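Me: I would like to go through this structure and ask, point by point, what justifies the words used for it. Please set each value against its cut-off before you conclude.

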Amino acid sequence: MAEQGEKNREYQEYQRLEDCEEDSPPGEDEEELLLHVTEGPTGSKVHQTLKGSLTTPRHIYHFHQRNGFACVLLSDVLELVQFLFVVTFSTFLLCCVDYDVLFATHPFNQSHVPERAKVTLPDAVLPASQCARRLRGSGWLLFLLVLAGMVWLCRLVTALRRLVGYWEIRSFYIRALGIPA
């Protein structure tokens, strides 16, 4: 009984803290991460400050989780190539394929094949001049291609900005922490 009374007194000394919206102490900048390493590769003290939105702890974590700079670079390049491929292939399918011939709803007379013969994919692909004419004739498709080009350029700029930040993180890993790539 006496022990329980002592515990209650101990708990009464504690006060409930109010919830705080901020995770960091007041006055501390969230965009800056100060890292201090006492011994660097040259034997001198190394003070490294990573500033900006590209090198926050979240980006350092993503750099680690994405397996380093080479993997990040390859991933970003392949994403850009994938976007170009999807836009190009979609444009090809919209402008350069005659679906009436492909699905045999329209007889194919260019190779003088009977109507019931098997139609191959090259039979349904339009010549380059006719494909270009269809592309130029479609105002909406040209608008969408220009828009896709602008989106791709924005993604390229974003990827380059991220790569600069990841390069700084890579340099920090190698020089200050002594962790090889």
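Me: Why is phenylalanine 143 called partly exposed?

Reply: In this predicted model, phenylalanine 143 has a relative accessibility of 45%, and because buried means under 20% and exposed means over 50%, phenylalanine 143 counts as partly exposed.

Me: What makes tryptophan 140 and phenylalanine 143 an edge-to-face pair?

Reply: Two rings pair if their centres lie within 6.5 Å, and planes over 60 degrees apart count as edge-to-face. The ring centres of tryptophan 140 and phenylalanine 143 are 6.2 Å apart and their planes stand at 85 degrees, so both conditions are met and the pair is edge-to-face. The two residues are three residues apart in helix α7, and therefore separated by about one helical turn. Tryptophan 140 itself counts as exposed, because its relative accessibility of 69% is set against a cut-off of over 50%.

Me: How many aromatic pairs are there in the whole structure, and what makes phenylalanine 69 and tryptophan 167 one of them?

Reply: The search finds four aromatic pairs. The rings of phenylalanine 69 and tryptophan 167 lie 5.0 Å centre to centre with 75 degrees between the planes, and because the limits are within 6.5 Å for pairing and over 60 degrees for edge-to-face, this pair is edge-to-face. It links distant parts of the chain, phenylalanine 69 being in helix α3 and tryptophan 167 in helix α7, 98 residues apart. Phenylalanine 69 is buried at 17% relative accessible area, whereas tryptophan 167 is partly exposed at 43%. Separately, Phe85, Phe89 and Phe92 form one aromatic cluster.

Me: How do you know that cysteine 96 and cysteine 131 form a disulfide?

Reply: Their sulfur atoms are 1.6 Å apart, and because a disulfide is a pair of cysteine sulfur atoms within 2.5 Å, the two cysteines form one. The pair links distant parts of the chain, with cysteine 96 in the loop between α3 and α4 and cysteine 131 in helix α6, 35 residues apart. The structure holds one disulfide. With relative accessible areas of 8% for cysteine 96 and 13% for cysteine 131, both partners count as buried.

Me: Why is cysteine 95 not bonded to cysteine 131, its closest cysteine by sulfur?

Reply: The sulfur of cysteine 95 is 5.6 Å from that of cysteine 131, and this is too far for a bond, because the limit is within 2.5 Å. Cysteine 95 is buried, with a relative accessible area of 5%, whereas cysteine 71 is partly exposed at 37%.

Me: Why is threonine 91 called buried, and which residues does it touch?

Reply: Threonine 91, found in helix α3, has a relative accessible area of 13%, and because the cut-off for buried is under 20%, threonine 91 is buried. Not counting residues up to four places away in sequence, threonine 91 touches Cys96, Leu135, Leu141 and Leu145.

Me: Which residues form the nonpolar patch on the surface, and what is the state of leucine 93?

Reply: The patch is formed by Phe85, Val86, Phe89, Phe92, Leu93, Tyr99, Phe103, Leu121 and Val125, with about 830 Å² of accessible area together. Helix α3 contributes the largest share of the patch, five residues. Leucine 93 lies in helix α3, and at 30% relative accessibility it counts as partly exposed, because that term covers values between buried, under 20%, and exposed, over 50%.

Terms used:
Residues numbered from 1 in each chain as written. Predicted model: local features only at pLDDT ≥ 70, side-chain atom pairs only at ≥ 80, totals over all residues. Heavy atoms only, no water. Patch = residues over 30% accessible without salt bridge, like charges linked within 9 Å, V, L, I, M, F, W, Y side chains within 5 Å. Areas by Shrake-Rupley, 256 points an atom, 1.4 Å probe, with all protein chains shown as cover. Salt bridge = Lys/Arg side-chain N within 4 Å of Asp/Glu carboxyl O. Helix = DSSP H or I, 4+ residues; strand = E, 2+ residues; numbered from the N terminus. Buried < 20%, exposed > 50% of the residue type's maximum accessible area, 1.4 Å probe, protein only. Phe/Tyr/Trp six-rings, centres within 6.5 Å; stacked < 30°, edge-to-face > 60°. Contact = heavy atoms within 4.5 Å.
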